[in-house]
Amino acid sequence: MLNPLRVLVSVRTGPPSRCCSSFVSRMRFISRLKEDDEACAAALQNGSVLLFHKLEPLLHRTKTGTFRPGSQPSSGLQSVLERLGADRSLLMESVLIGCSEQNQAQFCLDVGGLDRVAIEDVCRGKFVDLRKSFFLLTGPEAPLVAKAQALLRWHQTHGFCSATGQPTQRNRAGSQRVCGSSGIVYYPQMSPVVIVLVSDGKRCLLGRQSSFPPGLYSALAGFCDMGETVEETLSREVAEEVGLEVEGVSYSSSQHWPFPHSSFMIGCHASISPAHTELTVDRSELEDARWFTLEEISSALQVKTPPRRGDPPVTWLPPSHALAHRLITEWVELQRSGEAGK
Ligand SMILES: NC(=O)C1=CN([C@@H]2O[C@H](COP(=O)(O)OP(=O)(O)OC[C@H]3O[C@@H](n4cnc5c(N)ncnc54)[C@H](OP(=O)(O)O)[C@@H]3O)[C@@H](O)[C@H]2O)C=CC1
Ligand SMILES: [Mg+2]
């Protein structure tokens with residue numbers, strides 16, 4: 001006779017049920033894995049793992065020359081890691097990051113303690129700096145890689161309770177850490193940042209920090225201060241950085257951004273009166289800020305790869321995964337539809 005408890009366990013650890021839409025069942029599957037260590041360990045056995053080395057993702061070059069994250073089936077990974085000298089428990093340090101369309105749980109793991117070149121050889125890939133990866137990954141995987149890196153970084157820097165100084169322990173999914181002494185539960189954190197594309201109706205405003213690569217301009221951005229609304233942060237940052245007062249504000253979209261640590265970017269458009277466009281740039285924050293015409297932005301959007309040293313100076317814009325890029329292309333579309341309507 002079937003043991004009812006075993007049936008229950010197999011239902012709870014098995015693949016997502018087919019009773020709801022595939023999106024709903026995937027979300028419920030992930031939620032269950034965060035709560036149930038046993039189910040999560042089982043999902044890891046049949047899942048896939050994105051490898052990182054000291055927070056740099058492993059990328060594969062495809063036959064067509066594009067790049068994909070170096071995702072490894074966990075079934076074969078255990079023996080690969082052990083062959084390279086890893087402890088048996090290393091794979092269990094994997095952190096849950098999602099679930100594929102094929103209902104396979106996805107994890108990430110930093111193998112920074114192992115020989116970098118040996119792993120690259122065995123896994124036929126290269127560990128690449130995250131910022132560079134953002135230019136190489138053209139598919140929808142870039143946000144997943146960013147999320148994975150942010151979670152790995154969070155675990156690496158939250159090993160101790162900030163109240164007691166005692167070690168914290170993670171759950172199997174890696175969605176939280178708990179201090180055994182105080183019971184304080186720590187969750188991965190993001191810092192809210194407002195990013196805004198300011199327009200005077202005909203031109204848009206972009207700035208650059210001295211730390212940006214030469215020629216790169218982006219929308220204005222700033223961290224939210226404690227207690228601020230999105231609108232308050234936006235108005236304050238624009239006032240501080242370029243000395244302007246915004247009028248209308250509209251929300252566009254948001255994204256997680258792994259730099260400098262983990263930011264939650266809230267993207268907005270803002271308008272200012274064409275009568276008050278004179279900039280007073282705070283040089284301690286920005287190296288430069290200026291107004292760009294539609295023509296200038298259109299040609300900057302044509303620059304697909306960052307210029308190399310020795311190339312003639314050129315204005316270029318953040319990569320397509322960046323929210324700044326999205327705000328700029330939305331503005332371009334709006335300008336073009338306005339021109340077409342005349
Ligand atoms: N995805 C995208 O399209 C874009 C993303 N960004 C991201 O937006 C972020 C914010 O833009 P930025 O113009 O630099 O912001 P700010 O204009 O707010 O200036 C950054 C400064 O704010 C201070 N600060 C306040 N709170 C924090 C915090 N929680 N974390 C770190 N620094 C904080 C620091 O000052 P101090 O060092 O003096 O303490 C820091 O140097 C950047 O990290 C950048 O990666 C920017 C543009 C485009
Ligand atoms: Mg700023």
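**Exercise 1. Find which residues supply the protein donors of the magnesium ion (ligand 2), and say where they sit.**

*Solution.* Start with the cut-off: donors are N, O and S atoms within 2.8 Å of the metal (3.2 Å for Na, K and Ca), and since water is not among the atoms, sites may look incomplete. In this predicted model, local features need pLDDT of at least 70, side-chain atom pairs count only at pLDDT 80 or more, and totals for chains, interfaces and linings use all residues. Residues are numbered from 1 along each chain as its sequence is written, chains are lettered from A and ligands numbered from 1 in the order in which they are written, and side-chain values use heavy atoms, leaving out hydrogens and water.

Step 1: the donors are Ala-221 (O) and Glu-241 (OE), 2.1 to 2.2 Å from the ion.

Step 2: place them on the chain. Ala-221 belongs to strand E13 (residues 220–223) and Glu-241 to helix H8 (residues 230–242), 20 residues apart. Helices (H or I, at least four residues) and strands (E, at least two) are DSSP runs, numbered from the N terminus.

Step 3: check accessibility, where buried means under 20% relative accessible area, exposed over 50%, and partly exposed in between (1.4 Å probe, protein chains only). Ala-221 is partly exposed at 30%, while Glu-241 is buried at 4%.

**Exercise 2. Work out which domains give residues to the largest nonpolar core.**

*Solution.* A nonpolar core is a set of buried Ala, Val, Leu, Ile, Met, Phe, Trp, Tyr and Cys residues joined through side-chain atoms within 4.5 Å.

Step 1: the largest one has 41 residues, and Cys-108, Leu-197, Leu-206 and Ile-297 touch the most other members.

Step 2: the elements that each supply at least two residues include strand E1 (48–53), helix H7 (142–157), strand E12 (204–208) and helix H10 (323–340).

Step 3: domain 1 (22–157) and domain 2 (191–305 + 313–341) both contribute, so the core lies between them. The domain bounds come from an automatic or database domain assignment.

Step 4: apart from this core lies another, of 26 residues, among them Phe-29, Ala-39, Leu-90 and Val-111.

**Exercise 3. Count the disulfides, then look at Cys-179 and Cys-268.**

*Solution.* Here a disulfide is a pair of cysteine sulfur atoms within 2.5 Å.

Step 1: the count is zero.

Step 2: for Cys-179 the nearest cysteine sulfur is that of Cys-161, 3.8 Å away. Cys-179 is buried, with a relative accessible area of 1%.

Step 3: for Cys-268 the nearest cysteine sulfur, in Cys-224, is 9.6 Å away. Cys-268 is also buried, at 2%.
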